[in-house]
Amino acid sequence: MKQLKVYRPVLIYGFLTAAFVMILLFLGSYFISTLSEINVQKASLNQDVEVLTSRLAVLKDLPSAAPNGASITLTALPSENNSLVAVSQLRRIATENEITIKSLDLAATLATGTLLPSVLINFDFEGTAVNSISFIAGITKLAPIMVIDTVSLQSTADGNGVSAIMGVRTQWAELPTALPAITEPIAALSDEEQLLLSRLSELTQPVFGQGVESSESASVGKADPFTTAQ
Amino acid sequence: MSQTINLLPIDLVRGKEVGKLLSVLKASSIFLCALVLVVAIAGFAFVYLQKNDLTQVQTRRDTVRSEVLALEESEKQLVLLRDRLAKIEKIRSEDTSTPLFEAQKIILDNAPVEVTLGESDINAGTSSLTLVSQSIDPLRTLIANLESSSYDRPLSISTFTLNALVGYKLVLLVN
């Protein structure tokens, strides 16, 4: 007992020293884990801020980068079968080029695999050689866009004109239905996209309203096709 | 001469080494106590500042996020625009007939007025163009014009015939 009394202060200070070391270790590990957790959250938030800021810049810039872009592209490639507008456009430039369309028929093709649904417009026409070439060239500059499928052009027996059998294909594609998640980065339109858009804006637009789908019609008058990923 | 007198019982006297250990332990416990206080105060202050900073970043994120959400209509336009452009580009890249027609048009644009169009066929990525001329010179001029023009597609002569009724008939394969 007497020995214990002698060593008690040693034991007490030893215990205190050990306790302080333990407290220091605990505090150290607590601060390290708390700060690293805060840093992880901060890095993630900073990344979000960076993505959102660039997204904001792209979206704010869109009206000046591509005015009426959605409307122009939707007219060029509609969301529904627009073959009547295509026929109307064909007749319009046929008249402009003094071409006589003698017969015309339509054949629809359903979408298969990666191929878009389309309508093949087959027609016969007559006109002068120069006008016929100008007419065919005009078809490639029409909205909705039409792809030449076949052309068989032959000069008439009198040699004054040509008669032709032609097939052009007009396609359509459903509207996209999903928006990217808000934390996903989005890029501004590339130079290639801008160039294509500028070419599309030079296409001959339909003159009457019912075939023209504006960008607004994708969300106004119809159910909004988009769902937002969060 | 002064003498050190120990009044404690002998069994309560600490050894020198124990005394040294005690003083070391005393000093280290005081030092550690101070260190704990300093570390705790500094650590909590730093954590507080970092949390404040985190809250500010969070507020900034929420502000930008709400601004982005306010522009959802623009985002729909962009998604729609990009979707259409990608599909139109695909349609154009798969279109083999239009480039062939454009090539034939370049040939016709370079043809003198004496050269007339006989036939033109475009189908499944191949095309042929028949040109007719009363004399051979306009056809020579056409070839010369094409050589000096920007025409750069493969072009081959399929047949070249002379007919008393129609004159020279040149069939070109345009690919």
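Let's start with the contact between the chains: 71 residues come from chain A and 60 residues from chain B. Contact here means C-beta atoms, placed from the backbone, within 7 Å. This is a predicted model: local features need pLDDT of at least 70, side-chain atom pairs count only at pLDDT 80 or more, and totals for chains, interfaces and linings use all residues. Residues are numbered from 1 along each chain as its sequence is written, and chains are lettered from A in the order in which they are written.

What gives the most to the side of chain A that touches chain B? That is α1(A), with 31 residues. Helices are DSSP runs of H or I, at least four residues; strands are runs of E, at least two; both are numbered from the N terminus. By class, this side of chain A has 46 nonpolar, 17 polar and eight charged residues. Nonpolar covers Ala, Val, Leu, Ile, Met, Phe, Trp, Tyr, Cys and Pro; charged is Asp, Glu, Lys and Arg; the others, Gly among them, are polar.

Next, the strands. β3(A) pairs with β1 of chain B, residues 116–123, antiparallel, over five bridges. Pairing needs at least two DSSP bridges. Leu153(A) has Ser120(B) as its bridge partner. Ser120(B) also touches Val151(A). Other contacts of Val151(A) include Phe101(B) and Ile122(B).

Now the domains, with bounds from an automatic or database assignment. Chain A has domain 1 (1–65) and domain 2 (69–205). Their centres, over C-alpha atoms, lie 64 Å apart. Chain B splits into 15–94 and 97–174. There the centres are separated by 71 Å.

Methods:
Two residues are in contact if their C-beta atoms, placed from the backbone, lie within 7 Å. Lists of a residue's contacts leave out its neighbours within four places in sequence.
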